[in-house]
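Let's take a walk through this one, starting in the middle and working outwards. Have the viewer open as you read.

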Amino acid sequence: MKKDEEMLNWVSQYLKNLRKAKGWTLEECEQHGWHDWKYLQKIENGQNITLLTFFKLCDLYGVDLRLALEKTSSKRREEKRREEKRREEKRREEKRREEKRREEKRREEKRRDP
């Protein structure tokens with residue numbers, strides 16, 4: 001669930017950055033065609049949204065939808081790569097620990113049986 005929350009937070013921040021790049025306040029978004037600035041505030045604070053809402057916001061901000069989707073999917077790919085890297089590092093560390101335990105066990109056995 002944490003990954004989903006991270007992704008949702010990233011999308012929320014992305015949409016907020018698009019609005020700020022336009023130089024618009026939340027309230028000014030209503031002047032440009034958005035129906036409720038308070039709802040937009042919730043979205044920017046991490047409320048889950050539908051894909052249709054995402055499309056509408058991209059249109060409002062004049063962002064090419066393909067570019068926006070590519071950014072979000074590349075973010076997801078990046079997160080998956082980092083997660084796989086963490087798993088691989090964890091496996092390596094466990095392998096090192098196991099090797100160390102085996103080595104200590106061999107040494108202990110060697111001390112008992114000279």
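**From the core outwards**

Start with the largest nonpolar core, a set of 19 residues in which Leu15, Trp34, Leu40, Phe54, Leu57, Tyr61 and Val63 touch the most other members. Four helices feed this core with at least two residues each: helix 1 (2-22), helix 2 (26-31), helix 3 (37-44) and helix 4 (51-61). Keep in mind that this is a predicted model.

Trp34 is a good place to zoom in. Skipping its neighbours within four places in sequence, Trp34 is in contact with Cys29, Tyr39, Leu40, Ile43, Thr53, Lys56, Leu57 and Leu60.

Now look at helix 4 itself. Its buried residues are Thr53, Phe54, Leu57, Cys58, Leu60 and Tyr61. These sit on the same side of helix 4, because they cover an arc of only 160° around the axis. Spin the view to the face turned away from that buried side, and you meet the exposed residues Leu51, Leu52 and Asp59. Just after helix 4 comes Gly62, with a positive phi of about 70°.

Next, which residue of helix 1 deserves a stop? Try Arg19, which has its place in helix 1. Is Arg19 buried or exposed? With a relative accessible area of 6%, against a cut-off of under 20% for buried, Arg19 counts as buried. A polar atom of the Arg19 side chain lies 2.7 Å from the backbone oxygen of Trp24. Leaving out neighbours within four places in sequence, the contacts of Arg19 take in Trp24, Thr25, Leu26, Cys29, Leu40, Glu44 and Tyr61. Two of those names, Leu40 and Tyr61, also appeared among the core residues that touch the most other members.

Time to zoom out. The protein has 5 helices and 0 strands, and read along the sequence the pattern is α-α-α-α-α. What radius of gyration does the protein have? The value is 25 Å, whereas a compact globule of 114 residues would come in near 13 Å. The C-alpha trace tells you about the extents too: along its principal axes the trace spans about 85 × 25 × 25 Å.

A few totals round off the picture. Of the 114 residues, 24% count as buried. The protein exposes about 9,000 Å², with carbon and sulfur atoms supplying 48% of that area. And if you take the contacts with a separation of 6 or more, 54% of them are between residues 24 or more positions apart.

Technical notes:
Residues are numbered from 1 along each chain as its sequence is written. This is a predicted model: local features need pLDDT of at least 70, side-chain atom pairs count only at pLDDT 80 or more; totals for chains, interfaces and linings use all residues. Side-chain values use heavy atoms; hydrogens and water are left out. A nonpolar core is a set of buried Ala, Val, Leu, Ile, Met, Phe, Trp, Tyr and Cys residues joined through side-chain atoms within 4.5 Å. Buried means under 20% relative accessible area, exposed over 50%, partly exposed in between (1.4 Å probe, protein chains only). Contact means heavy atoms within 4.5 Å. The arc is that of the directions from the helix axis to the C-beta atoms. A polar contact is a pair of N or O atoms within 3.5 Å; within protein, one must be able to donate a hydrogen and the other to accept it, and residues adjacent in sequence count only if both atoms are side-chain atoms. The radius of gyration is taken over C-alpha atoms; the globule rule is 2.2 Å times the number of residues to the power 0.38. Accessible areas come from the Shrake-Rupley method with a 1.4 Å probe; for residues, only the protein chains shown count as cover.
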